[in-house]
Amino acid sequence: MSDKKELEVSAIENGTVIDHIPAEATFKIVQILGLYECDSAITIGNNLNSKTLGKKGIIKVADRFFPDEVINRLAVIAPNVTLNIIRNYQIAEKKHVKFPKIIRGVVKCSNPKCITNHQPVQTKMEVFDADLKSLRCCYCERVMRHEEIELL
Amino acid sequence: MDHNFISVSDFTKEDILSLLHDAAFFEAHPNSRLLEGKVVATLFFEPSTRTRLSFETASNRLGARVIGFSDPASSSTSKGETLKDTIKMVSNYADVIVMRHYLEGAARYASEVTDVPIINAGDGANQHPSQTLLDLYSIWKTQGTLDNLDITMVGDLKYGRTVHSLVQAMSFFSPRFHFIAPQLLRMPNGYRDFCRRHSLPFDEQEEFTEKAINETDILYMTRIQRERFSDPREYEQVKNVYCLKNAMLEGSKPNLRVLHPLPRVNEIAYDVDDNPKAYYFQQAKNGVYARQAIICRMLDIKVD
């Protein structure tokens, strides 16, 4: 008898599967989607072998479906994730993330003198350069390169 | 541009040209009582006597009454009141709010919490759009146009808020730029990229030469601050290099004008002041007309 133990990432009946997550972004996505406060069954896998990414993460959330507005926030840190909407154990829909025009909350402004870092003002960013994925703060107008982007 | 005057980034070419026409009207008729019955609030969370006096003069000459504060220590901010609450409170009293704040984005935020028009009189190191407008007015007046001009900017081009905004605002008018600055204070990458994206030809050099002066229409001087240099010896080396003396203007074009956002320290020698090409004091005076145009525009008051 084999001593080998395997963790089965079982299929979910209904819910959302987020796949092809770059390994370093997996737990940031958990945060952005508010999954710490979620009471549905969640399976998180990270550093799994992937042909395309090398190492990837995967998140399965049972019985939860996310509106586009929430999903598009993922574009800031993981623009190439795929989302599979599962119904009755079948992939009912495949979705890709779209970079939203305006990102509210989620990202911190890197300017220490920005009003959002001193007063109760939610951050608001717009896409400055779609290719470089740089963002511009709508308040202080500072442009942040992709590498500088810090989540709240 | 809606009813808020926040940033050069909001300007369209039409906005600029129509405001300049209004400013010209106010230069001819500075005491038109167009703001009778209106209350202008000047909220200066950070002191700036020059700008505040300019806005207050602009308001007073148009017949408005002015309320406000010039120092946050004397306002409820010192009690811990948020900017939002202060703005909402003042919105009960004033028809338009002129504000200067030390935090960047403050004016933009203020415009979101009230329907009363907000005029940004400076938010940290970010924008100072009324200065930009008076600079444009000065250029327009002295050159007869804004189009196809040769503009040279000298001094601290890295931290100079006014030169950044001027580059942005002039982008509608096909200028050619020359940036003259010490290596440490070069025009930042972001603005050089801006010029490339908008196909605005520019060149850069460290030497402040008479050749450069002789070829240009507008010479925009800026102050180099000691505080920008961590090595005081470096400051000592550059502080006199970017100084304009009267003799340097000998071969300049007849239409050349010397501009400076003020206060000037030693970057323009006093012997330049009597040269008819010295325009910096008139430039400051133009601030009143530009601000009159801005206030009336924000209140939808027709200027005839």
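Biologist: In which hand does helix H2(B) pass H10(B)?
Modeller: Keep in mind that this is a predicted model. Helix H2 of chain B covers residues 49–61, and helix H10 of chain B covers residues 280–298. Their axes come within 8 Å and cross at roughly 65 degrees. The crossing of H2(B) past H10(B) is right-handed.

Biologist: How many charged residues does the contact of H2(B) with H10(B) have?
Modeller: Let's look at who takes part: H2(B) brings residues including B:Phe55 and B:Arg61, while H10(B) brings B:Arg291 and B:Ile295, among them. Sorted by class, the contact has four nonpolar and five polar residues, and the charged ones number two.

Biologist: Over in chain A, which residue stands opposite A:Ile102?
Modeller: Strand E6 of chain A spans residues 102–104, and it pairs with strand E8 of chain A, residues 124–129, in the antiparallel sense over three bridges. The partner of A:Ile102 sits in E8(A), and that partner is A:Glu126.

Biologist: And which residue in the turn between E8(A) and E9(A) has a positive phi?
Modeller: E8(A) also pairs with strand E9 of chain A, residues 134–137, in the antiparallel sense over four bridges. Here A:Asp129 stands opposite A:Ser134. The two strands form a hairpin with four residues between them, and the turn residue with a phi of about 55 degrees is A:Lys133.

Biologist: Which helix gives the largest share of the side of chain B that touches chain A?
Modeller: The contact takes 13 residues from chain B and 15 residues from chain A. By class, the chain B side has four nonpolar, seven polar and two charged residues. Its largest share is three residues, and they come from helix H4 (residues 106–113) of chain B.

Technical notes. Residues are numbered from 1 along each chain as its sequence is written. Chains are lettered from A and ligands numbered from 1 in the order in which they are written. This is a predicted model: local features need pLDDT of at least 70, side-chain atom pairs count only at pLDDT 80 or more; totals for chains, interfaces and linings use all residues. Two strands pair if DSSP finds at least two bridges between them. Axes are lines fitted to C-alpha atoms, for helices over the stretch in contact, and angles run from 0 to 180 degrees between N-to-C directions. A crossing is left-handed if the near helix is turned anticlockwise from the far one by less than a right angle, and right-handed if clockwise. Two residues are in contact if their C-beta atoms, placed from the backbone, lie within 7 Å. Ala, Val, Leu, Ile, Met, Phe, Trp, Tyr, Cys and Pro count as nonpolar, Asp, Glu, Lys and Arg as charged, and the others, Gly among them, as polar.
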